[in-house]
Amino acid sequence: MAYILRRLLLTVPVVFMVTIMVFSLLHLLPGDPASVILGPDATPEMLAALREQLGLNKPIALQYWDWLTGVLHGDLGHSLVNNIPVIELIRQSFPATLELTIGTFIVVVLIALPAGIIAAARPGRLADYSSSLFALCGMSIPHFWLGMMFIVLFAMKLGWLPASGYVPFTQNPVTNLSAMILPILSTGLRESAVLMRMVRSSLLDVMNADYVRTAYSKGLRERTVVLRHALKNALVPVVTTSGLIVAGLLGGLVITESIFSIPGFGRLIVDSIFKRDYVTVQGAVLVSALLVIFINLLVDLLYTVIDPRTKSGRGAK
């Protein structure tokens with residue numbers, strides 16, 4: 001419990017620094033934000049009105065305090081394009097990204113764990129070479145190209161699945177799932193290649209340990225040695241990589257969402273950048289950063305479950 005409290009307390013200054021960085025990055029960019037938002041045809045009156053609306057006439061420290069106070073109360077401001085609360089725009093777009101992330105991670109785990117374990121248990125054999133070839137292909141092929149090939153094959157040629165058209169799961173589960181299969185597979189295959197290599201590498205290191213050889217010498221079956229004794233100690237770097245994959249998916253699915261026309265969180269950020277919706281960009285980037293912090297915190301807490309020695313900093317490296 002003390003470790004968890006200490007880890008939670010360490011998160012507070014990190015979150016505080018993130019708010020400063022998110023606020024500062026957009027305000028320290030060269031040029032007047034009001035001019036950037038309104039464009040070259042803006043009149044002085046329009047610029048003055050927008051500066052007053054955004055509070056740009058106030059000192060920078062006061063602007064940050066006003067913004068931070070709003071954030072602490074759940075107010076990320078209103079979109080400059082349609083005057084909708086930013087938190088509402090995020091709430092509307094996030095379920096699609098969350099569903100895509102969860103689906104992708106399930107595919108990653110289902111492929112990477114068995115393939116990595118089999119490859120590590122059979123080094124230098126056909127299963128190992130096949131897994132390594134899959135990992136090499138998966139990491140070499142861009143997922144956007146794979147997504148387009150899936151559309152051509154499964155949507156246009158075979159007609160099995162729709163190429164686009166997102167419908168919320170709560171409205172029509174069948175249509176939703178059929179529309180999410182291709183984007184989940186196109187992203188999941190690449191990420192599973194990354195995690196599979198990590199599982200194989202980490203497990204191979206553990207398989208050379210003395211206690212594993214001792215387990216074999218006692219006559220234990222290979223499945224028992226690998227799954228019960230070796231795998232648990234190989235999971236720490238795997239959990240780290242998994243956390244990085246999930247964090248990357250939550251904020252970096254914009255290409256997949258664009259190819260398959262999914263109105264997700266990534267597309268919200270990119271569309272807001274193109275529309276110069278500075279308030280929405282600021283709020284969405286902050287939420288994305290907080291999600292990464294939360295996932296890292298969750299990964300650190302999982303370490304203590306997998307290897308209790310990490311509580312005292314003596315965990316396996």
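**Figure 1. The largest nonpolar core contains 38 residues, and L195 and L203 have the most contacts inside it.** In this predicted model, at least two residues of this core come from each of α5, α7 (143–157), α8 (173–207), α9 (210–217) and α10 (222–252). The greatest contribution is that of α8, which provides ten residues. Leaving aside neighbours within four places in sequence, L195 is in contact with V108, A112, V238, T241, S242 and I245.

**Figure 2. A second, separate core is made up of 37 residues.** Among its members are L76, F94, L268 and L286. The first of these names, L76, is examined in the next view.

**Figure 3. L76 lies in the loop between α4 (60–72) and α5 (86–121).** Its relative accessibility is 7%, so L76 counts as buried, the cut-off for this class being under 20%. Although L76 and V279 are 203 residues apart along the chain, their C-alpha atoms are separated by 7.6 Å. With residues up to four places away in sequence not counted, L76 touches V71, V86, I87, I90, V279, G283, L286 and V287. One of these partners, L286, also belongs to the core of 37 residues that includes L76.

**Figure 4. F23 and Y64 form an edge-to-face aromatic pair.** The ring centres of F23 and Y64 are 5.4 Å apart and the ring planes stand at 65 degrees; the pair is therefore classed as edge-to-face, a term that applies to planes over 60 degrees apart. The pair links distant parts of the chain, since F23 belongs to helix α1 (residues 2–27) and Y64 to helix α4, with their positions 41 residues apart. F23 counts as buried because its relative accessibility is 4%. Y64, at 13% relative accessibility, likewise counts as buried. Ring pairs also bring W67 into a cluster with F23 and Y64.

**Figure 5. F150 and F154 form an edge-to-face pair within helix α7.** The centres of the F150 and F154 rings lie 5.6 Å apart and their planes are at 65 degrees, so this pair too is edge-to-face. F150 and F154 are separated by about one helical turn because they are four residues apart in α7. What is the burial class of each residue of the pair, buried or partly exposed? F150 is buried, with a relative accessible area of 13%, whereas F154, at 21% relative accessibility, counts as partly exposed. The cut-off for the buried class, under 20% relative accessible area, lies between these two values and therefore places the residues in separate classes. The total for the model comes to six aromatic pairs.

**Figure 6. The protein chain as a whole comprises 13 helices and zero strands.** From the N terminus on, every element in the chain is therefore an α element under the assignment of helices and strands used here. The C-alpha trace spans about 85 × 55 × 35 Å along its principal axes. Buried residues make up 40% of the 317 residues. Of the contacts with a separation of 6 or more, 72% join residues 24 or more positions apart. The chain exposes about 17,500 Å², of which carbon and sulfur atoms supply 68%. The chain carries 24 positive and 18 negative charges, and the mean positions of the two sets are 17 Å apart.

Terms used
Residues are numbered from 1 along each chain as its sequence is written. This is a predicted model: local features need pLDDT of at least 70, side-chain atom pairs count only at pLDDT 80 or more; totals for chains, interfaces and linings use all residues. Side-chain values use heavy atoms; hydrogens and water are left out. Buried means under 20% relative accessible area, exposed over 50%, partly exposed in between (1.4 Å probe, protein chains only). Contact means heavy atoms within 4.5 Å. Accessible areas come from the Shrake-Rupley method with a 1.4 Å probe; for residues, only the protein chains shown count as cover. Lys and Arg count as positive and Asp and Glu as negative; His and the chain ends are not counted. The place of a charge is taken as NZ of Lys, CZ of Arg, CG of Asp or CD of Glu. A nonpolar core is a set of buried Ala, Val, Leu, Ile, Met, Phe, Trp, Tyr and Cys residues joined through side-chain atoms within 4.5 Å. Rings of Phe, Tyr and Trp (its six-membered ring) pair if their centres lie within 6.5 Å; planes under 30 degrees apart count as stacked, over 60 as edge-to-face and the rest as tilted.
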